[in-house]
Amino acid sequence: MMFREAKLVALALFHTFLLAICAVNGNQTCRPSSCGEIQNISNPFRLKGDPSGCGDPDYELVCENNRTMVNGREGEKYYVADINYDHYTIRVVDPGVEKGNCLSTPLYFLTRKISDYGPYYLEWKGTTSTAVLMNCDQPISDGSYIPITPCNATSSSSQAYVYALVGGESMEVGDIKNPCTISRNFITQFLKPGNLSMSDLQEMLLLGLELSFLSFRCKSECKVKRLQCHVNYGSHTVQCYKSWRSLKLFFYYLLYTIRYLLGVDYFIQNFGYLSDGGITALAAGVNLIFQLMGKASKSQ
């Protein structure tokens, strides 16, 4: 009986020892989280409230009213419609856009602000369009102007005609040929200028925008090795490489430090002073080093 109890105690101690090792190494099991329609929230994403060692804090999502949300850089929040872990993309939708017989305009103007030097990136070239909402005093027969029924319209509204104009990646004021007042502009994706209707515009707004989180791979695969990172958003890949510019700066400051410590600048006054650490300074520095080494060997 005593042998059996000792065996159980030994097993318990061994189990506790293994748990301690796992805790020290941070090898805790991180199960995928879920919120609403997003059922597989896993690395690098984490849901607010998950264990601290799970996911990356830069990619923390929140669950509000059974909807997964992502925070913008200036306090705005967007619905998460989809996460593609193969392409490293997350599709977000403005919470102000709703489906209906009228056009509900976005609450925010999503720009590069959500992605500049941050965890997400919005690829503009060839993928985005700018839509402009405008109020006009008279009807417009131009087919490129999309008649709009705004959801916030009132019977007492003084602007009887509302239109949307979809352009390229950016539009200038000069692109608007009719005397109208711009009320709102926003970014759309998967939408090309042409014969469009209000329902086309609304469908694209409901699809949202696709942001890349490939910067996570840059951080986890390249920056930890002190390497530069090249991102190819078309193929959804990253490539780590050494920066020759950084090596050049390193050797420049190394040479400058050697010159300062050995007093090379004082020595090369006979050769002509070069403040940029050029060949003459390097040759003089090397010459001085050999002279000092020779003196040291003679003294011995």
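**Exercises on salt bridges**

Lys77 is partly exposed, its relative accessible area being 27%, where partly exposed stands between buried (under 20% relative accessible area) and exposed (over 50%), with a 1.4 Å probe and protein chains only. This is a predicted model, in which local features need pLDDT of at least 70 and side-chain atom pairs count only at pLDDT 80 or more, while totals for chains, interfaces and linings use all residues. Residues are numbered from 1 along each chain as its sequence is written, and side-chain values use heavy atoms, with hydrogens and water left out.

**Exercise 1.** Find the residue that meets Lys77 in a salt bridge, and place both in the chain.

Step 1: a salt bridge is a side-chain nitrogen of Lys or Arg within 4 Å of a carboxyl oxygen of Asp or Glu. Step 2: the side chain of Glu64 meets that of Lys77 at 2.5 Å, N to O. Step 3: Glu64 lies in strand β4 and Lys77 in strand β6 (residues 77-84), so that the pair links distant parts of the chain, 13 residues apart; strands are DSSP runs (E, at least two residues), and helices likewise (H or I, at least four), numbered from the N terminus.

**Exercise 2.** Decide whether Arg46 and Glu60 are buried or partly exposed, and describe their pairing.

Step 1: Arg46 is buried at 8% relative accessible area, whereas Glu60, at 30%, is partly exposed. Step 2: in their salt bridge, the closest N and O atoms are 3.0 Å apart. Step 3: because Arg46 belongs to strand β3 (residues 46-47) and Glu60 to strand β4 (residues 60-64), the pair ties together parts 14 residues apart in sequence.
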